[in-house]
Amino acid sequence: MTLSIPTIVTIIVLGLIGIGIYALLTTRHLIKVIVALQLLVKGAMLALVLAGYLTGQQDLGQSLAITVIIADTIVAVIGMALAVQVRRVIGTLDLRSLTSLRR
Amino acid sequence: MAETLILLTIGLPWLGALLTWAAGDQHPRLQHTLAVAFSLAAGMAALLLIPFGKDQILVTFPVGGAFGDFTFSPDGLGVFLAAIATVIGSLAVIFSVDYMRGEAQLGRYYAFVLFFIGAMVGLVLTTNLLLMFVFWEITALTSYALISFHNDDPKAVAGGIKALIITQFGGLGLLIGALVLFSNTGSYDILTFINNPAVLPAGALAWMAFGCLAAAAAKSAQFPFQTWLPDAMEAPTPISALIHAATMVNAGVYLLARFFPAFEGVPGWREAVMAVGMLSALLAAIMAMVATDLKRVLAYSTVSQLGYMVFAIGAGGVFASQFHLLSHSVFKALLFLGAGAVIHAVGTRDMREMGGLGQKMPFVRLVFVIGALALAGLPILNGFWSKELILEAGLEHGNPLWMLIIMLVVSGLTAFYTFRMVWLVFYGQPRSEVHAHDAGTAMKVALAPLALGTLTTWLLAGSFARLLSESLPAHEIAAHPTAEILLEVVTAPVTWVALLVIGLGLLAWWQRERLMGISKALTGLKNLALNSFGFEAINRGVVLGMQNSAEKLRDTQTGMLNWNVAYLLIALILVLAVLALGVG
């Protein structure tokens, strides 16, 4: 059985998003959260390109994907910077210790 | 040209807000200067906009399909309120230069004041109901932020939250109105709706009419929402003058006036509006007679005078209500700023600790008495003419006579509490050791134009009527020249009855010692009035209930990322399920 390219890409998209969400639901480590977020966004980006391909608007899908790459890089960088600060100030990267805003 | 001016009138205060805030609190002089400059510039732009009022221009800013175009129309009703907001706004800012000198966090103060002025202009100029709702909520938010400006004072914080929660009920009414309009016509455009209200079925029109009435009552502190305004007096006094006397509280009256042609046919709507206005005017006047806090007396008198305007709209006198709005904005801003000068000099708001201040503050006494005479409705100040026009409107269109009689009684009560207030503050013997000094220069600069306005704005009656009648065809306002309007007032019997009642009110204050017996007999009523006739308890209950339920919702906030992601996922699945079911 041979799979068509869109089907393969769809499977990859669903896989990436699934892994990302699963990790976000289970992990308590800040760095891992950032990694999970990256996986999630990469899945979404691939979905954009796929949607552009399927509707015949490749250029639109690709330019949106590039926009996502830029935004996503900023998110990753700021997330990492925050993680470093959290480690410095609180001394741990465990998410459970980050609930200090709650009374 | 009109397009640029509209942009300037809204944009200049907002730009000023950003700059004043960015200037930083370590440069208070720069902050004062920036705030004054930008508010004055906005005032100039608004005044230049007035001549465009009669041209029926529609300025459109397309913003895509989702919310309809952002449309602004500088018609008579809008430009006149925009001018009030910016001109009195700039006077309040000038007054603040003296009043707020040496306060910390001036950036926050001026930024919110300027943000408010811009939003108020947007609110009255826009013809997109959704956009109007947005501006409406911005004014509520800035009002809250400024009431609670002294955020280390628990009373100020409580007053701000109360105002915010109660005016939100009104905001909901306006939102319902906007959504009803949109779901039935597919557009948020106010003008087409007013010119042809039949686009809505009768049921939807009634929903919208009473939704707007609730919105107006909450915003203008009318019955049964009146209790937030006295508590809002914790705000710095220029804020009370600007937001809680001259501009924001007028937004409710403006809303009713704007939609009057569309709603007047709704069964029971006019009667409901009149009843709301009458009850507010009466209850607030009684409460003002017993209050001892200077600013609270002024707040109650604001509720009472707004009651007159709301009553006038219900009675069919849109011009009378808007003319009284103009008079009231000027003389009430004058009274509040005068009171601010007194409070700034004396350091207390309790009238029992004042007395005999007139000799120490001759200038403030002069302008305050001018404002007070206008509030009492004595000729020939602006409050006299506009109040008499309202009473005359109460006689027309077959309105019930007993309501008019109550409004006449209220004008007597107004005279009574006004003279009580002036006497307690400026005359008699000093009742405590206070070092009072007359107002500073910036205060005088702000007070003098307002006093001049109180003496003269009634001369504008004719041109104001022409402006409204030319730009608001649906409202059917008759354009008479000034002389004709004034003659009509002077020759109307109701004017003389009103003057008689006002005279009786003055006489009652003059002979108050002989009337001690009556006042003893009314002790029960007095206690009732001191407790706001029980509405205080109801409103406090609503506010507390709201805060408690918000506190309960805290349990859903675990602060854990995993749970938040789970909630997101569940919500997404729910939305997808609804969409799948809805489509299938």
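## Chain B, question by question

Mentor: Start with B:Ala221 in this predicted model. With 29 C-beta neighbours inside 10 Å, B:Ala221 counts as buried.

Trainee: Which cut-off makes a residue buried?

Mentor: Count the other C-beta atoms within 10 Å of the residue's own. B:Ala221 has 29 such neighbours, so B:Ala221 is buried. The cut-off for buried is 20 or more.

Trainee: Where does B:Ala221 lie, and what is its phi?

Mentor: B:Ala221 sits in the loop between α8 and α9 of chain B. B:Ala221 is not a glycine, yet its phi is positive. The value is about 55 degrees.

Trainee: Is B:Gln105 buried, exposed or partly exposed?

Mentor: First, place B:Gln105: it is in the loop between α3 (76-99) and α4 (106-125) of chain B. B:Gln105 is not a glycine either, and has a positive phi of about 60 degrees. Now count: 13 other C-beta atoms lie within 10 Å of B:Gln105. A residue is exposed at 12 or fewer and buried at 20 or more, so B:Gln105 is partly exposed.

Trainee: Which residues does the cis peptide bond join?

Mentor: Look in the loop between α8 (202-219) and α9 (228-231) of chain B, where B:Pro224 is found. Omega is about 0 degrees at the cis bond. The bond joins B:Phe223 and B:Pro224.

Trainee: How are α14(B) and α18(B) oriented to each other, roughly parallel or roughly antiparallel?

Mentor: Helix α14 covers residues 318-346 of chain B, and helix α18 covers residues 441-456. Their axes come within 9 Å and cross at roughly 150 degrees. Angles over 145 count as roughly antiparallel. Therefore α14(B) and α18(B) are roughly antiparallel.

Trainee: What is the handedness of that crossing, left-handed or right-handed?

Mentor: Take the crossing of α14(B) and α18(B). Its contact includes B:Leu334 and B:Leu337 of α14(B), and B:Leu447 and B:Leu450 of α18(B). The residues of this contact divide into eleven nonpolar, three polar and no charged. The crossing is left-handed.

Trainee: How far apart do the C-alpha centres of domain 1 and domain 2 of chain B lie?

Mentor: The domain assignment gives domain 1 as 2-530. Domain 2 is 543-583. Their C-alpha centres lie apart by 40 Å.

Trainee: How many residues does the contact take from chain B and from chain A?

Mentor: Take each chain in turn. Chain B gives eight residues. On this side of chain B, five are nonpolar, three polar and none charged. Chain A gives ten.

Notes: Residues numbered from 1 in each chain as written. Chains lettered and ligands numbered in written order. Predicted model: local features only at pLDDT ≥ 70, side-chain atom pairs only at ≥ 80, totals over all residues. Contact = placed C-beta atoms within 7 Å. Nonpolar A, V, L, I, M, F, W, Y, C, P; charged D, E, K, R; others polar. Domains from an automatic or database assignment. Helix = DSSP H or I, 4+ residues; strand = E, 2+ residues; numbered from the N terminus. Axes fitted to C-alpha atoms, helices over the stretch in contact; angles between N-to-C directions. Parallel < 35°, antiparallel > 145°, perpendicular 65-115°, else oblique. Left-handed = near helix turned anticlockwise from the far one by under 90°.
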